[in-house]
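Q: Hi! Could you walk me through this one while I have it open?

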Amino acid sequence: MKGELTAVIEATAEGGYWATCLEMSGANGQGETVQEAKADLLEAVRLILQDREEDVLRGLPSDAICEPLLIG
């Protein structure tokens, strides 16, 4: 198993593309090309994960153990 997310990309009536992530509510992107929409979506996912991590870390005690969980 790999750490993968699913991008759903749709053409818009106005031109360009709209992208959403099935596994991450609120993550979306847009662009003139499919590649631009995917890149914008990836940046949105990164920002959401960064915000969630910062939020969780604020509430942890100083002796909490934080280490990567690898999905392989």
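Q: Which residues form a nonpolar patch on the surface?
A: Happy to help, and keep in mind that this is a predicted model. The patch is made of Val56, Leu57 and Leu60, and together they have about 250 Å² of accessible area.

Q: Where is Val56 found?
A: Val56 sits in helix α1, which covers residues 34-58.

Q: And is Val56 buried or exposed?
A: Val56 is exposed: its relative accessible area is 53%, and the cut-off for exposed is over 50%.

Q: Switching to charges: how many salt bridges does the structure hold?
A: There are 2 salt bridges. One links Arg58 with Asp55, and their closest N and O atoms are 3.2 Å apart. The other links Glu43 with Arg46, with 3.9 Å between the closest N and O atoms.

Q: How are Arg58 and Asp55 separated in helix α1?
A: They are 3 residues apart in α1, so about one helical turn separates them. Glu43 and Arg46 are also 3 residues apart in helix α1, which again means about one helical turn.

Q: What about accessibility, say for Arg58?
A: Arg58 has 60% relative accessibility and counts as exposed. Its partner Asp55 is partly exposed at 48%. In the other pair, Glu43 is partly exposed too, with 38% relative accessibility.

Q: OK, on to the sheet. What order do the strands have?
A: It's an open sheet of 3 strands in the order β1-β2-β3, and the pairing is antiparallel. The edge strands are β1 and β3 (28-31), each of which pairs on one side only. On average, neighbouring strands of this sheet are turned by 20° against each other, direction ignored.

Q: Which strands does α1 touch as it packs on the sheet?
A: Helix α1 touches β1, β2 and β3, and its direction makes about 150° with that of β3.

Q: How many bridges are there between β1 and β2?
A: β1 (residues 7-11) and β2 (residues 17-21) pair over 5 bridges in the antiparallel sense. For instance, Ala11 has Tyr17 in β2 as its bridge partner.

Q: What's in the turn of that hairpin?
A: The β1 and β2 hairpin has 5 residues between its strands, and Gly15 in the turn has a positive phi of about 105°.

Q: Last one: how many bridges join β2 to β3?
A: That antiparallel pair is joined by 4 bridges. Ala19, for example, has Gly29 in β3 as its bridge partner.

Methods:
Residues numbered from 1 in each chain as written. Predicted model: local features only at pLDDT ≥ 70, side-chain atom pairs only at ≥ 80, totals over all residues. Heavy atoms only, no water. Pairing = 2+ DSSP bridges. Helix = DSSP H or I, 4+ residues; strand = E, 2+ residues; numbered from the N terminus. Patch = residues over 30% accessible without salt bridge, like charges linked within 9 Å, V, L, I, M, F, W, Y side chains within 5 Å. Areas by Shrake-Rupley, 256 points an atom, 1.4 Å probe, with all protein chains shown as cover. Salt bridge = Lys/Arg side-chain N within 4 Å of Asp/Glu carboxyl O. Buried < 20%, exposed > 50% of the residue type's maximum accessible area, 1.4 Å probe, protein only. Axes fitted to C-alpha atoms, helices over the stretch in contact; angles between N-to-C directions. Contact = heavy atoms within 4.5 Å.
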